[in-house]
Amino acid sequence: MSGFKSDFLQILSERGFIHQISDESGLDALLAKESATCYIGFDATAPSLHAGSLVQIMLLYWFQQTGHRPVALMGGGTTLIGDPSGKDESRQLLTRESIARNKEGIRRVFSKFLDFEEAGGNAVMADNADWLLELKYVDFLREYGRHFSVNQMLARDSVRLRLEREHHLSFLEFNYMILQAYDYVELNKRYGCRLQMGGSDQWGNIVSGIDLGRRAGTPELFALTTPLLSSSSGAKMGKTADGAIWLEEDMLPVYDYWQYWRNAEDGDVARFMKLFTTLPLDDIARYAALEGAELNEAKKVLATEATAMVHGRERAEQAAETARKTFEEGVAAGDLPTVTVPEGELAEGIGLLVLMVRAGLASSNGEARRHIKGGAVKINDRQITDERLSVTGAMLGDDGALKLSLGKKKHVLVRQT
């Protein structure tokens with residue numbers, strides 16, 4: 001279906017967010033007629049979300065921007081179990097204390113995209129621990145368990161694929177889709193949620209909630225999923241060889257976040273602009289038409305706009321200026337990621353291999369040695385070939401720092417404490 005009547009679905013369609021919708025015409029009519037409420041669930045498995053969650057976060061952002069109420073559901077209860085979708089092994093079970101700490105970090109991420117009720121908006125952050133942890137098992141089975149077909153549950157991708165690969169699936173995880181389905185019914189009761197969204201791997205779980213709602217007497221519920229996203233080369237979104245692209249500055253410097261988007265593959269620039277920025281589509285079309293060296297300018301725009309969504313305009317522009325100075329002027333800009341070394345250690349001299357590992361430019365001395373042998377390591381823009389080099393305080397510049405570089409795109413300032 002194209003030419004949606006509702007602003008929300010029209011925006012999603014134009015920007016490439018839609019993979020499946022359970023009832024396109026019904027959902028479009030609902031959203032065009034009234035302000036609706038939707039939710040997306042996020043398990044609190046880490047102290048922040050990473051860029052792999054941005055598609056879902058942007059769904060909630062656009063939902064609120066088009067006049068509706070988004071609910072960010074924290075899985076305080078379901079995180080105690082673990083979602084088997086797309087996994088070959090059971091998740092490590094977290095304590096309730098760890099989950100509570102993770103929820104605080106995740107809320108900070110959402111506050112950058114959504115206006116919550118306490119800030120004058122209408123967005124809600126709910127937690128399924130509020131109802132799941134209070135369930136009485138036998139009562140729950142009597143009221144809701146009878147509505148689930150084990151045959152259908154075994155056919156869901158999250159279960160079927162695990163069993164086909166003969167990987168262990170615990171009864172604990174097998175219950176996950178039941179609890180997620182119940183979440184949908186409970187959120188309809190509490191907030192009037194009529195729409196649940198998620199990645200395409202969540203389709204079976206969401207549809208289970210719709211089926212349960214129909215049997216439990218809710219109004220018609222809807223599902224919308226997005227394509228599972230990867231780069232043009234097939235790389236998983238939100239992760240690199242160096243680790244996850246976290247959305248919290250204390251877990252990933254703003255400059256590194258900016259660089260992640262600056263390094264986007266050529267074929268991804270326009271697609272990522274549609275998904276991860278609010279740039280007008282006409283502007284994106286102009287950037288998409290660029291080729292060669294001009295495309296690098298579009299990548300800088302993507303990086304700055306995507307970074308501004310998470311870290312604010314000022315921090316994004318600082319990162320862009322840091323990159324310009326570093327690459328175009330060849331100077332060590334002060335906003336680069338920094339590692340500090342005690343004065344006494346620099347007085348004696350710290351081995352370059354050790355320093356590279358400490359700075360995050362290598363995971364081991366062996367990897368650092370290979371980088372040096374390959375000619376990829378520089379200090380203050382001078383190539384280093386001696387793997388036995390000791391870095392001393394005498395190498396620091398007038399600003400009290402030296403620039404340690406790996407290749408053309410990774411730079412760290414080394415300062416003395």
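Contact here means heavy atoms within 4.5 Å. The structure on display is a predicted model, and the tour below applies that criterion to its helices.

**The whole chain**

Begin with the entire chain selected. Its secondary structure comes to 19 helices and 15 strands. Of the 417 residues in the chain, 49% are buried. The accessible surface comes to about 19,600 Å², and carbon and sulfur atoms contribute 47% of that area. Among contacts with a separation of 6 or more, 72% join residues 24 or more positions apart.

**Stop 1: helix 1 and helix 3**

Select residues 7–15, which form helix 1, together with residues 54–65, which form helix 3. Two packed helices are described by the angle between their axes and the distance between the axes. For this pair the angle is about 140° and the axes lie 9 Å apart, which makes helix 1 oblique to helix 3. Their crossing is right-handed.

Now display the side chains where the two helices meet. Helix 1 contributes Phe-8, Ile-11, Leu-12 and Arg-15, and helix 3 contributes Leu-59, Trp-62 and Phe-63. By class, this contact holds six nonpolar residues, no polar residues and one charged residue.

**Stop 2: the buried residues of helix 13**

Move next to helix 13, residues 269–276. Which residues of helix 13 are buried? They are Val-269, Phe-272, Met-273, Leu-275 and Phe-276. To see what surrounds them, add helix 1, helix 3, helix 12 (254–262), helix 14 (281–288) and helix 15, against which the buried residues of helix 13 pack.

**Stop 3: helix 13 with helix 14**

Keep helix 13 selected and add helix 14 alone. The two pack at an angle of about 160°, with their axes 9 Å apart; they are therefore roughly antiparallel to each other. The crossing is right-handed. Ala-270, Met-273 and Lys-274 on the helix 13 side meet Leu-281, Ile-284, Tyr-287 and Ala-288 on the helix 14 side. The residues of this contact comprise six nonpolar, no polar and one charged.

**Stop 4: helix 13 with helix 15**

Replace helix 14 with helix 15, residues 293–311. Here the packing angle is about 20° and the axes are 10 Å apart, so helix 13 and helix 15 are roughly parallel to each other. This crossing is left-handed.

The contact involves Val-269, Phe-272, Met-273 and Phe-276 of helix 13. From helix 15 come Leu-295, Ala-298, Lys-299, Val-301, Leu-302, Ala-306 and Met-309. In terms of class, 10 of the contact residues are nonpolar, none is polar and one is charged. Met-273 deserves a second look: it is buried, and it takes part in the contact with helix 14 and in the contact with helix 15.

**Stop 5: Trp-203**

Select Trp-203, which lies in helix 11 (residues 203–216). Is Trp-203 buried or partly exposed? Its relative accessibility is 23%, so Trp-203 counts as partly exposed. Leaving aside residues up to four places away in sequence, Trp-203 touches Gln-20, Ile-21, Ser-22, Ala-223 and Thr-225. Measure also to Leu-224: it is 21 residues from Trp-203 in sequence, and their C-alpha atoms are 8.0 Å apart.

**Stop 6: Ala-323**

Finish in helix 16 (residues 313–329), where Ala-323 is found. Because its relative accessibility is 4%, Ala-323 counts as buried. Add Trp-258 to the selection: Ala-323 and Trp-258 are 65 residues apart in sequence, with a C-alpha to C-alpha distance of 8.9 Å.

Conventions
Residues numbered from 1 in each chain as written. Predicted model: local features only at pLDDT ≥ 70, side-chain atom pairs only at ≥ 80, totals over all residues. Heavy atoms only, no water. Axes fitted to C-alpha atoms, helices over the stretch in contact; angles between N-to-C directions. Helix = DSSP H or I, 4+ residues; strand = E, 2+ residues; numbered from the N terminus. Parallel < 35°, antiparallel > 145°, perpendicular 65-115°, else oblique. Left-handed = near helix turned anticlockwise from the far one by under 90°. Nonpolar A, V, L, I, M, F, W, Y, C, P; charged D, E, K, R; others polar. Buried < 20%, exposed > 50% of the residue type's maximum accessible area, 1.4 Å probe, protein only. Areas by Shrake-Rupley, 256 points an atom, 1.4 Å probe, with all protein chains shown as cover.
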